[in-house]
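Colleague: Hi, got a minute to go through this one with me? I'd like to hear about helix packing, cavities and backbone oddities.

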Amino acid sequence: VFAFTSRWRWEEIAFWIIAAISIVVFPTHLVLIAQVLITGLFVLSFDLLVGYAGIPSLGHAAFFGIGAYTAGLLARTGWTEPISGLIVAAIIAGIAGLALSVVVSRLTGIGLIMITLGVGLLLYEAAHSARGITGGDDGLSGINIAPIFGHFPFDFIGHTAVIYTFVVVFLLYLVARRIVNSPFGLELKGVRENVRRVPAIGIPLRKRYMVAFTVSAAFAGVAGALLAQITQTVALSSLSFDRSASALIMVMIGGMGTLIGALV
């Protein structure tokens, strides 16, 4: 069963071919292409949560923003190496997701939605108020990122940025495919389809919720960190409710529980 479901579908192959070709066809829009891929990664992280585990959230931008500010603040303090910055951002966002999952794993329905929405709004207001750290409305600027592997600097046109983003998003897409086509992924689908029957067959529901939330938050954190690194700035809007709502709309249009639909 897993060997069959893990086969690449035509739409997956087509998307990545088109994404690669677009880098060559639109050489003056490389930064925009990178931002599109980053948005796709963020929406994919949301799809892992709501599309596969069936966990609704209206505050997912919190993890995107945490990743962005982590990468930005690291660079401001002198830690400018980009790949390790992504890893740290993923860890911090994942820890935040784990902490929140302890609460949301006890809730269902409207209570779960309101908690995630409330946490997202609180983080937004905290970032808005902490002007000395986050820059407030003006955002976090003055971010300098070192060349990748010491040889590929980030240029104004976006040559390095788009290749760097493409590789990172593609690798994380492979990880996401592996997750959803594993026994753990099948358990998440079971949780989504019938949350009451899953505990009856021995699946620890709370632990699955917590793992799904943590992994999804880490993916979103990487997306935020990527955006901070390639634009060398972090806007307050990275934590906004609009970003979470947009992700929900994109997942619904692309198809929940498809992964590639989020990117498309």
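Modeller: Sure, here is a short chat about those topics; keep in mind that the model is predicted.

Colleague: Let's start with packing. At what angle do helix 3 and helix 10 pack, and how far apart are their axes?

Modeller: Helix 3, residues 30-52, packs against helix 10 at an angle of about 170°, and the axes are 8 Å apart. With an angle over 145 degrees counting as roughly antiparallel, helix 3 is therefore roughly antiparallel to helix 10.

Colleague: Nice. Which residues meet there?

Modeller: From helix 3, the residues include Ile38, Leu41, Phe42, Phe46 and Leu49. On the helix 10 side, Phe213, Phe219, Val222, Leu226 and Ile230 are among them.

Colleague: How does that contact divide into nonpolar, polar and charged?

Modeller: The contact of helix 3 with helix 10 has 18 nonpolar residues, four polar ones and no charged ones. Gln35 and Ser45 in helix 3 take part, as do Ser216 and Thr231 in helix 10.

Colleague: Switching to empty space: how many cavities of 30 Å³ or more are there?

Modeller: The count comes to three cavities of 30 Å³ or more. The largest cavity has a volume of about 50 Å³.

Colleague: And what lines the largest cavity?

Modeller: Its lining is made of Leu48, Ile179, Phe184, Leu188, Ala212, Val215 and Ser216. Six of these lining residues are nonpolar, one is polar and none is charged.

Colleague: Which elements give two or more residues to that lining?

Modeller: Those are helix 9, residues 183-193, and helix 10. Helix 10 provides the largest share, three residues. There is a link to the packing we discussed, too: Leu48, Ala212, Val215 and Ser216 line the largest cavity, and these residues also belong to the contact of helix 3 with helix 10.

Colleague: Good to know. New topic: what is phi of Phe149, and where is that residue found?

Modeller: Phi of Phe149 is near 55°, which is a positive value in a residue other than glycine. Phe149 is in the loop between helix 7 (131-134) and helix 8 (159-180).

Colleague: Is Phe149 buried or exposed?

Modeller: Phe149 counts as exposed, because its relative accessibility is 63% and the cut-off for exposed is over 50%.

Colleague: What about Gln232: what is its phi?

Modeller: Gln232 also has a positive phi, near 60°, and is a residue other than glycine. Gln232 lies in the loop between helix 10 (205-231) and helix 11 (241-254). At 27% relative accessibility, Gln232 counts as partly exposed.

Colleague: Great, thanks for the tour!

Definitions and conventions: Residues numbered from 1 in each chain as written. Predicted model: local features only at pLDDT ≥ 70, side-chain atom pairs only at ≥ 80, totals over all residues. Heavy atoms only, no water. Helix = DSSP H or I, 4+ residues; strand = E, 2+ residues; numbered from the N terminus. Buried < 20%, exposed > 50% of the residue type's maximum accessible area, 1.4 Å probe, protein only. Axes fitted to C-alpha atoms, helices over the stretch in contact; angles between N-to-C directions. Parallel < 35°, antiparallel > 145°, perpendicular 65-115°, else oblique. Contact = heavy atoms within 4.5 Å. Nonpolar A, V, L, I, M, F, W, Y, C, P; charged D, E, K, R; others polar. 1 Å grid on protein atoms, 1.4 Å probe; cavity = no way out; pocket = protein on both sides within 12 Å on 5 of 7 lines; lining within 4 Å. Points joined across faces, edges and corners; volume = space filled by probe spheres on them.
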